[in-house]
Amino acid sequence: MEKAAETYAKALFPALQTVSPATLLDLQSAMLDATPDCIKVLSRDGTLLMMNRAGCLALNVPRESGFGMPWLSLLPPEVYEEGKKALTKAAGGERVRFQGKSRSPGGFMYWDNILIPLVTTTAEDGLTILCVSRDITQTTTLRLELEEALERERMLTQEMQHRIGNLFSIVNGLVSLSEREAAQAGDAPSATHILKDKLSALARVSSLARHGKGDDPLQTEAMDLRSILQAVLQPYGTRCTLHGDAIKVAKNEVTCFSLIFHELATNSMKYGALSSFHGLVSLDWKQEDAHLRFNWTETGGPPVSAPPHTFGFGSGLLDRLVRSAEGKVKREWLPEGLSVSLWFPNTPE
């Protein structure tokens, strides 16, 4: 890029030593109109003196305009500040390079810009600035796509590690819960059967979240909300109570609701009411105009004195799930336990 800019300078500026500013436009044909690079000549204050064909197309400036407008005014808003900083440095005699971006009918275009100050006898203040911009859209787009793919991979790995850790926590909690339920019933051997039932219910939640196909009666175009929540919270037995209207939700909402309330139950099993044998969870919902509102209320768990200082990955995952459904979430750490309110857009049938 810099070598190309120097080549352009050698081709253009020897002539500028002997011509007046009034004849600068005559040199436009010498600005290598055949090159795809955008070549511009600026005064120290950023006035556009001349520009080649590629530059006129990129900045949407008619070739017959005569130029004379501020170069910065032609830049898109997202690049203006960087361009201003670069012009200031170039006006001070410094060679500057910066990355730019612009909008086109086909999307964003990315540019590698270099400003080179050159001493000329024709400029009133003795300095002219050559600005060369090269289209780097293809390489930049590929780099951004790679970065996004790597970020998605990182998030998937982190989420997998989170879910594996949660699985161990849930199973450990369900083992203890099954033993206690069996002991209350006076039938210790039944603990194994209770645990199997709970693990089967947990597997059903996983099936719901994956949108499994086949003979599963829950996999219909529209599902009863209570059926979804019962499947999610069944492993915790009578410690979770459900109260709400008879509401149908679209099939594409099943995954989101399953994961959201599974995540709430998992966090409760690890830190909240479900981590205590006497802890309870109440979940109620109702239709409010065009929104579906949920209230998740925990009681009887470990004492709650204040919100946590930091939120873990699970809380962040819950927030992302809620946002993905265009919903809102509000948490309150009350003395008796955590209270979570959720709102989701929902138009009743």
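This is a short chat about a helix, an arginine and some cysteines in a predicted model.

Reader: Can we start with helix H3, and how far apart are its end C-alpha atoms?
Author: The end C-alpha atoms of H3, which covers residues 77-91, are 21 Å apart, and this agrees with the 21 Å that its 15 residues should span at 1.5 Å a residue.

Reader: Okay, and which residues of H3 are buried?
Author: The buried residues in H3 are Val 79, Gly 83, Ala 86, Leu 87, Ala 90 and Ala 91.

Reader: What covers them?
Author: The cover over the buried residues of H3 includes four strands, namely E1 (38-43), E3 (96-104), E4 (107-119) and E5 (127-135). After H3 comes Gly 93, which has a positive phi, near 95°.

Reader: Switching topic, where is Arg 239, and is it buried or exposed?
Author: Arg 239 sits in the loop between helix H6 (225-233) and strand E7 (240-244), and it is buried, because its relative accessible area of 9% falls under the 20% cut-off.

Reader: So what does the side chain of Arg 239 reach?
Author: The side chain of Arg 239 reaches the backbone oxygen of Gly 279 at 3.1 Å, and a polar atom of that side chain also lies 3.5 Å from the backbone oxygen of Leu 274.

Reader: Last thing, how many disulfides are there?
Author: The count comes to zero disulfides. For Cys 56, the closest cysteine sulfur is that of Cys 38, and at 9.2 Å it is too far for a bond, since a disulfide needs the sulfur atoms within 2.5 Å. Cys 131 is in no disulfide either, with the sulfur of Cys 38 the nearest at 8.7 Å.

Reader: And are Cys 56 and Cys 131 buried or exposed?
Author: Cys 56 is buried at a relative accessible area of 4%, and Cys 131 counts as buried at 0%.

Notes: Residues numbered from 1 in each chain as written. Predicted model: local features only at pLDDT ≥ 70, side-chain atom pairs only at ≥ 80, totals over all residues. Heavy atoms only, no water. Helix = DSSP H or I, 4+ residues; strand = E, 2+ residues; numbered from the N terminus. Expected span 1.5 Å × (residues − 1). Buried < 20%, exposed > 50% of the residue type's maximum accessible area, 1.4 Å probe, protein only. Contact = heavy atoms within 4.5 Å. Polar contact = N/O pair within 3.5 Å; in protein donor to acceptor, adjacent residues only side chain to side chain.
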